[in-house]
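Let's take a friendly walk through this model, starting from one turn and working outwards.

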Amino acid sequence: MKIDSDKLEIFYTPLDEKQFRERAAGIAQVWRAQEVGNLVVGLEGGLGSGKTTWVRAMLEGLGYQGKVPSPTYTLLEHYQLTDLSVVHLDLYRLPESMGPGEEQASEFEALGVREWLAKSKTWLLGEWPSRSPQFCAHADIWIDFEFIGPYERRLVLSERSKVGQNLLNQLR
């Protein structure tokens, strides 16, 4: 792990999924212990880079024991834990912005994100966040999943808000 002032880098090999999952679960536990009211995390990376696996492991770390499907077709999956709601979004299929982005904004609103953001103790974990300027505007933490070789990937966690800065500081 490399520590930078506003970023945190994690390297892993896909052959060691156990460590990858343990890291995601551990991070979720650290963040939950901080009793953050709401959290918005953008998960950016190519197909197969580990975004959904990361969310599954975070949910396991938070104590969720049910199935965690990819939200590719449903666009949104909601998980209610005892004292926390986790909403897993896949923004890939939002329509491309045309002009002022009104169609995309209305699709984003149709997912109910504004309502989720208004609730307390809600985490939004969004795959393909760069497809939605509205999501980007609310992001606290951004995680880039990057292929750096056939057997290795790099994750870079970046703060996007004061909340994000505080949570990344807890991991250092």
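## Helix 2 and its surroundings

Gly63, just after helix 2, takes a positive phi of about 100°. The model is predicted, with local features needing pLDDT of at least 70 and side-chain atom pairs 80 or more, while totals for chains, interfaces and linings use all residues. Residues are numbered from 1 along each chain as its sequence is written, and side-chain values use heavy atoms, without hydrogens or water.

Helix 2 spans residues 51-61 (helices are DSSP runs of H or I, at least four residues; strands are runs of E, at least two; both are numbered from the N terminus). Nine of its eleven residues are buried, meaning under 20% relative accessible area with a 1.4 Å probe, protein chains only. Among them are Trp54, Val55 and Met58.

Trp54 also appears among the residues with the most contacts inside the largest nonpolar core, which has 32 residues (a core is a set of buried Ala, Val, Leu, Ile, Met, Phe, Trp, Tyr and Cys residues joined through side-chain atoms within 4.5 Å). Helix 2 and strand 3 are among the elements that each supply at least two residues of this core. Apart from it lies another core, of 13 residues, including Val40 and Trp142.

Confidence is given by pLDDT, the predictor's score for each residue from 0 to 100:

| Part | Mean pLDDT |
|---|---|
| Protein | 83 |
| Strand 1 (residues 2-3) | 46 |
| Strand 3 (residues 38-45) | 95 |

Strand 1 has the lowest mean among the elements and strand 3 the highest. Where pLDDT is low, the predicted coordinates should not be read in detail.

Methods. Buried means under 20% relative accessible area, exposed over 50%, partly exposed in between (1.4 Å probe, protein chains only).
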